[in-house]
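The following note sets out comments on the model for a colleague at the bench. The points are grouped by topic and may be read alongside the sequence and the coordinates.

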Amino acid sequence: MPIRTVMKANEAAAWAAKLAKPKVIAAFPITPSTLVPEKISEFVANGELDAEFIKVESEHSAISALVGAAAAGVRTFTATASQGLALMHEVLFIAAGMRLPIVMAIGNRSLSAPINIWNDWQDSISQRDTGWMQFYAENNQEALDLILLAYKVAEDERVLLPAMVGFDAFILTHTVEPVEIPDQEVVDEFLGEYEPKHAYVDPHRPITQGTLAFPAHYMETRYLVWEAMERAKKVIDEAFAEFEKKFGRKYQKIEEYKTEDADIIFVTMGSLAGTLKEWVDKKREEGYKVGAAKMTVYRPFPVEEIRELAKKTKVLAFIEKNISMGLYGAVFTDASAALINESEKPILLDFIAGLGGRDVTFDQLDEALSIAKKALEEGKVEKPISWIGLRKELL
Amino acid sequence: MAVRKPPVTTREYWAPGHAACAGCGCAIALRLATKAFSEAMEEKYGDPNAFAIAQATGCMEVVSAVFPYTAWKVPWVHVAFENAAAAASGIEAAWKKKGIKGKILAIGGDGGTADIGLQALSGMLERWHNVVYLMYDNEAYMNTGIQRSSSTPYGAWTTTSPPGKYSIGEDKPKKWVALIAAAHQVPYVATASIGNPFDFIKKVKKAAKVDGPAFIQVHCTCPTGWRTPLEKGVEIARLAIETGIWPLFEIEYGDIWNIKIQPPGGGAKVHKEGGRVVRIEFKKPIEEYLKLQGRFKHLFKRPEAIEELRNQIKAMWKVLGVEAILPKPEE
Ligand SMILES: Cc1ncc(C[n+]2csc(CCOP(=O)(O)OP(=O)(O)O)c2C)c(N)n1
Ligand code: SF4
């Protein structure tokens, strides 16, 4: 019987790791993810998890050790955030290029300077081109479930790519919520043993991994990563369906809420989706035809689902906790690219909100709504991007 | 007729066909190291193949693993420039979990070890991984075209330490990574040289057989970067030992008072007290080593720089507890 209990997202991530039974874990503490390696240390110390836990001297070495371990053919896990993830950046490309299905939990946190330990998604969004799949959790249950799902997809032979699962700093990492811990046997059935055919360090079957590739071969390796990412879309759907069957919880790449007759749909990720749905309820009562959508998967980008969503509405507005300096938010930019050749498309708007842990309030969402309404009424936009909740007196 | 047993196995793990420059001393080091490693594995585990390599970016990596070819007959993983020690830690952990018996050999150049990879090396040693880290010390970043590293000796020309009106070449003393490694109090630390292959083989075997981490810094020549004749590599390396430029020593468990010094040969006079080397009178001046190499050519117009180098070498020996007498060439 699954156990229903309450825990923080960090604990949920540690539990997910325990259930997935990685053989090698390497981690380095960073707020807000520190509790993950702490909890895993306890599991290992108590014999509840039979894994090698390498207490590395940095995040760079954490991910490097996991590349070594995954190249040797075992299931691996780590957790980090923010500067730690940025320090891993170089090796994230290597993990993907070597086709190693490493899974990592991210307590999504802003990047310095100035130092800020609170939530936004700039850390993982900045890794979007590394070849890692990216999942974002709305709540602590999703943090646990998506880590299990990440292994399922990452280790699928049609994919073989690493994956990160993000959950918002403090809003989730340090907040206690009800979480159902699934049965070990069901997780075992769902994930199975990881027995890679392409990555192993076996003295009696020597292979060379991580070679140099000249221009004659390099581009094909990039293409194959890209193609695997494309294939992952279907594999994710299959994994979501199997997960629902086994665990009873339903996941979709984009989950819609009251979108059927909406004129304006707001799209977001992570814990903000919860706030957004509640706000939509309120606005519906006030007579606004608004809907919400939550992206659970950001890489591979859910192109088809965004197109379907776009068909349903007159304004598609993104609310995102990250910004690509010199342009717009990354999610908006990606969604715009997904819609570029559609003959009919809604007005597209981008709202940058909640950077560095600022609460995204109903007032701010109202501010976004009034901008969206104006665009809808006028049928045009002057500037697709707006920063909401800015303290103008500080500027 | 009696057939003499070869000094080391005839098995090859670093196969012919790699693309190192002709005369590359580091290629010699890797070939010998893998052979010695395999012998140690045979003696320790009854399986000559019970090892794998994690290697840093650098000359020896790019010349040996160009897709779709490989020069490696042993499992081999390259991750990046600075993380061979961390990658080796991961492989070792995975082997432990998989129940594979054997040892990991991590390999890095002086740049990948003394500079950008020093942190990962320290972490690996301090965590006591069952890994031998072999630093092949060709005293510069060769792969990117001969730039100085912290292991480049004083006075040497490199493309980023060019001698000029305001420069004598590299202007800092060489960093002795072996001593930094020894400070971790690990079971085994040694320096070695391709100029004394028997000693090198012996040390690799010893390192491979200890339980826990070991570190070897092997001096190996680079005709391309040192501006030396292709065929003189081993001779030059030997001169480094004989002139006092390159000490051969072993330190077990960080016990610097129990440091074992391999007498340099070449006519040097070794004085011992209580079994411990306390003074070495070298017979050959360091100039004999320097003069064969284009990278030191400019020093001969700046005798005060050679004098400074001599002082630095004495200071290094002093750290090892040895008074080094370094002669000047006869005028
Ligand atoms: C992070 C990073 N910085 C720089 C480089 C470029 N790079 C590759 S090899 C190398 C020098 C290697 O020098 P060393 O470790 O001494 O080995 P050698 O080439 O002499 O064998 C450099 C600077 C890199 N690959 N990665
Ligand atoms: S540059 Fe030097 S170290 Fe590199 S392959 Fe050539 S000789 Fe060997």
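1. A definition is needed at the outset: a salt bridge is taken here as a side-chain nitrogen of Lys or Arg within 4 Å of a carboxyl oxygen of Asp or Glu. By this rule, the structure holds 71 salt bridges over all chains. The model is a predicted one, and side-chain atom pairs are counted only at pLDDT 80 or more. In general, side chains of opposite charge can pair when their charged atoms come close.

2. One of these salt bridges lies within chain A. Lys23(A) pairs with Glu193(A), and their closest N and O atoms are 3.8 Å apart. The two residues belong to distant parts of the chain, with their positions 170 residues apart: Lys23(A) is in the loop between helix H1 (9-20) and strand E2 (24-26) of chain A, whereas Glu193(A) is in the loop between helix H7 (184-191) and E9 of chain A.

3. The interface of chain A and chain B deserves a point of its own. Chain A contributes 39 residues to the contact and chain B contributes 40 residues. The buried area between the two chains is about 3000 Å², and carbon and sulfur atoms give 64% of that area. On the side of chain A, the residues that lose the most area to chain B are Val201(A), Pro203(A) and Leu212(A), which together account for 19% of what that side buries.

4. Polar and charged pairs also cross this interface. Between chain A and chain B there are four salt bridges. One salt bridge joins Lys96(B) to Glu52(A), with the closest N and O atoms 3.7 Å apart. The count of residue pairs in polar contact between the two chains is 15, with both residues at pLDDT 80 or more.

5. The side of chain A that touches chain B can be described by element and by class. Strand E3 (52-54), helix H3 (59-71), helix H4 (82-97) and strand E9 (208-209) of chain A each give two or more residues to that side. H3(A) gives the most, with eight residues. By class, the side has 20 nonpolar, twelve polar and seven charged residues.

6. Strand pairing also joins the two chains. E9(A) is connected by two bridges to strand E2 (residues 76-78) of chain B, and the two strands run parallel. Within this pairing, Gln209(A) has Val77(B) as its bridge partner.

7. Which strands make up the open sheet of nine strands, and in what order? The order is E9(A)-E2(B)-E1(B)-E3(B)-E4(B)-E8(B)-E7(B)-E9(B)-E10(B), and the pairing is mixed. The edge strands, each paired on one side only, are E9 of chain A and strand E10 (260-261) of chain B. Inside chain B, strand E4 (residues 131-137) and strand E8 (residues 214-219) pair in the parallel sense over six bridges. Val132(B) stands opposite Ala214(B) in E8(B).

8. The site of ligand 1 is shared between chains, because residues from chains A and B surround the ligand. Its surroundings comprise 17 residues, of which the closest are Gly111(B), Gly112(B), Tyr136(B), Ala140(B) and Asn143(B). Oxygen atoms of ligand 1 take part in several polar approaches. A polar side-chain atom of Tyr136(B) is 2.7 Å from an oxygen atom of the ligand, a polar backbone atom of Gly111(B) is 2.9 Å from an oxygen atom of the ligand, and an N or O atom in the side chain of Asn138(B) is 3.0 Å from an oxygen atom of the ligand.

9. Ligand 2 is surrounded by residues of chain B, including Cys21(B), Cys24(B), Cys59(B) and Cys222(B), as well as Met60(B), Met142(B) and Asn138(B). Helix H2 (59-62) and helix H8 (223-226) of chain B each give two or more residues to this shell. The shell divides into eight nonpolar and two polar residues, with no charged residue.

10. Some backbone features merit inspection. The peptide bond between Ala113(A) and Pro114(A) is cis, with omega about -5°; Pro114(A) is in the loop between strand E5 (103-108) and helix H5 (122-125) of chain A. In chain B, the bond from Phe67(B) to Pro68(B) is also cis, with omega near 0°, and Pro68(B) lies in the loop between H2 and E2. Phe170(A), a residue other than glycine, has a positive phi near 65°, and is placed in the loop between strand E7 (163-168) and strand E8 (177-181) of chain A.

Technical notes
Residues numbered from 1 in each chain as written. Chains lettered and ligands numbered in written order. Predicted model: local features only at pLDDT ≥ 70, side-chain atom pairs only at ≥ 80, totals over all residues. Heavy atoms only, no water. Contact = heavy atoms within 4.5 Å. Buried area = accessible area lost by both parts, 1.4 Å probe. Polar contact = N/O pair within 3.5 Å; in protein donor to acceptor, adjacent residues only side chain to side chain. Helix = DSSP H or I, 4+ residues; strand = E, 2+ residues; numbered from the N terminus. Nonpolar A, V, L, I, M, F, W, Y, C, P; charged D, E, K, R; others polar. Pairing = 2+ DSSP bridges. Near = heavy atom within 4 Å.
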